Amino acid sequence: MNLDKQKILITGGTTGIGAALGAQLQKHLPEQPLPGVVYRRCDLAISTERAALIAWVENEHPDTAVLINNAAVQSPLDFIHDTPQHLQATLAQELALNLETPIALAAGLLPVLAQHPRRAIINIT
């Protein structure tokens, strides 16, 4: 896949794997200088914040051609000692971020991505 001269949205890009991925892309795609990197912090487990991110991309970055769904969370669970309420709340957050978010972003950003001939959606799991 050739990502040269493509605007890329990486979720979970401020820390961890997403930050490392962004740094590697910058290294291998020097035509996209570091000052061109834009960060937007949001809680993608919250549907209104996902919608705001989609609107921001549509309005401010309609030249986005690639979505890399990287944001995720994995929480340790103790099914013996944790309360059912804690287990349910933790699992709900994991499902919202790890399952709902990639689906919602892909669906919401398809009109933007579809405008570009070398569009792509990449899911990191």
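Which residue stands opposite Leu 67 in β3? Ile 121 is the one, and the views below place this pair in its surroundings. This is a predicted model, in which local features need pLDDT of at least 70, side-chain atom pairs count only at pLDDT 80 or more, and totals for chains, interfaces and linings use all residues. Residues are numbered from 1 along each chain as its sequence is written, and side-chain values use heavy atoms, with hydrogens and water left out.

**View 1. The whole chain and its order of elements.** Here you can follow 3 helices and 3 strands, arranged along the sequence as β-α-α-β-α-β. Helices (H or I, at least four residues) and strands (E, at least two) are DSSP runs, numbered from the N terminus. Of the 125 residues, 33% count as buried, that is, under 20% relative accessible area with a 1.4 Å probe, protein chains only.

**View 2. Strand β2 and its cover.** Take a look at residues 64-69: 6 of the 6 residues of this strand are buried, so β2 is largely enclosed by the rest of the structure.

**View 3. Strand β1 beside β2.** Residues 7-10 form β1, which pairs with β2 in the parallel sense over 4 bridges; strands pair if DSSP finds at least two bridges between them. Ile 10 has Ile 68 of β2 as its bridge partner.

**View 4. From β2 to β3.** Strand β3 (residues 120-123) also pairs with β2 in the parallel sense, over 4 bridges. Between these two strands the chain passes through helix α3 (residues 84-113), making a right-handed β-α-β crossover: with the strands pointing away from the viewer, the path from the first strand over the helix to the second runs clockwise.

Conventions
Buried means under 20% relative accessible area, exposed over 50%, partly exposed in between (1.4 Å probe, protein chains only).
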